[in-house]
Amino acid sequence: MKTAIAETQRRLEIPGKAEIIEGNGGLPKVRVTTTRASGEIYLLGAQVTSWKPAGAEEVLFVSAQSKWQDGTAIRGGVPICFPWFGAKSGDPKAPAHGFVRTKPWQLHSITQSGEAVTVSLLTESSADTKKWWPADFRAIYSATFDKELSLDLDVTNTGSQPLTFEEALHAYFQVGAIETARIKGLDGVHYLDKTDANREKTQQGEIAIVSETDRIYLNTTVPIQLIDPARNRRAQVTKQNSRTTVIWNPWIEKAHSLSDFGDDEWQQMLCIETSNVASYAVTIAPGQQHKMKATITLENL
Ligand code: TA6
């Protein structure tokens, strides 16, 4: 059933390749289907929830317990954290990870280049957003579904004052077995360990997940590899204009504390988050734009 979408937005569809349909919870999403990949992005939070290169299984993890309702972030896929990351300092009532992942974005454009389909969505400051953050901004998020998944978050300072913000593409990856998964690329990089009072430490070698893992790797621009022997595949995240990378797995206890996350789902997911957070928050002058990009590729081991 076609969901009630404004005719102006429905005209953006590309028949047979990019269609606006009713997703989980009746929420509108754009479903992309091409010869090289399939995927989907919800208007709620501009959240990508699926990407499958041709011949491959789903790359992204979405919890079976996700709530699928306006005002609540979808648990999984690629939530967009903006304009702050984690709890908002000095405001315990503010929503975690900012306010753009819990609101519908406007469909801005759907374009095709060769076999690649790009879905762009827009959100901007309003009286509502200024209750949380007294700033003028426009954000355009573009997801390109092809044999690679490209995610671009473009933020423009539409105000008359400098704009400082944090941002993260909080990508949840499926893994076949967390105990054999490994993350390569961060050897020697300093990180803040959020499970140990934010102490700064140095990564030794590959990352194995053996307990709750919640780390902000600092001043790093390198590509990250997620090695998943159980599914005989490797995902790579390459980034542009991002100085921090967050790695997260809730492990057992934290998984049990999340109402929108299955008790055992910690064994089948791992977050690799392209970001600019903590002391690497971004500041742009009036009229300036900042573009952060993550490109995800998948190959067999
Ligand atoms: O990115 C890691 C993290 O900041 C963790 O501390 C954990 O809170 C996770 O994000 C999920 O946050 P959420 O608000 O989506 O439950």
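The count of disulfides in this structure is zero, and I should say at once that we are looking at a predicted model. Consider C81, which takes part in no disulfide. Its nearest cysteine sulfur belongs to C271, 9.3 Å away. A disulfide would require the two sulfur atoms to lie within 2.5 Å, so at 9.3 Å the sulfur of C271 is too far from that of C81 for a bond. Are these two cysteines buried or exposed? C81 has 0% relative accessibility and therefore counts as buried. C271 likewise counts as buried, because its relative accessibility is 0%.

Let me turn to the nonpolar interior. The largest nonpolar core comprises 74 residues, and V30, V48, V119 and Y141 have the most contacts inside it. Which strand gives the most to this core? That is strand β8, residues 137–145, with five residues. As for V48, setting aside residues up to four places away in sequence, its contacts include I41, L60 and V78. V48 also touches Y141, A143 and F145, as well as L149 and L151. Another core, of eight residues, lies apart from the largest one; C81, F85, V246 and V277 are among its members.

Next, the ligand. F85 and V246 appear again here, among the residues around the ligand. Others in that set include the aromatic residue W248, the histidines H97 and H170, and the charged residues R75, K254 and E273. Three side chains deserve individual mention. D214 places a side-chain N or O atom 2.6 Å from a ligand oxygen. For R101, a polar side-chain atom is found 2.8 Å from an oxygen atom of the ligand. In the case of K194, the distance from a side-chain N or O atom to a ligand oxygen is 3.1 Å. How much of the ligand's exposed area does the protein bury? Taken alone, the ligand exposes 390 Å², of which the protein buries 85%.

I close with N276, a residue of strand β20, which spans residues 269–276. With a relative accessible area of 2%, N276 is buried. What does its side chain meet in the backbone? A polar atom of the N276 side chain lies 2.9 Å from the backbone oxygen of N241. The backbone nitrogen of R243 is 2.8 Å from a polar atom of that side chain. Beyond four places in sequence, N276 also touches F165, E166 and E167, together with S242 and T244. Its further contacts include A281, V282, H290 and M292.

Conventions
Residues numbered from 1 in each chain as written. Predicted model: local features only at pLDDT ≥ 70, side-chain atom pairs only at ≥ 80, totals over all residues. Heavy atoms only, no water. Core = buried A, V, L, I, M, F, W, Y, C linked by side-chain atoms within 4.5 Å. Buried < 20%, exposed > 50% of the residue type's maximum accessible area, 1.4 Å probe, protein only. Helix = DSSP H or I, 4+ residues; strand = E, 2+ residues; numbered from the N terminus. Contact = heavy atoms within 4.5 Å. Near = heavy atom within 4 Å. Polar contact = N/O pair within 3.5 Å; in protein donor to acceptor, adjacent residues only side chain to side chain. Areas by Shrake-Rupley, 256 points an atom, 1.4 Å probe, with all protein chains shown as cover.
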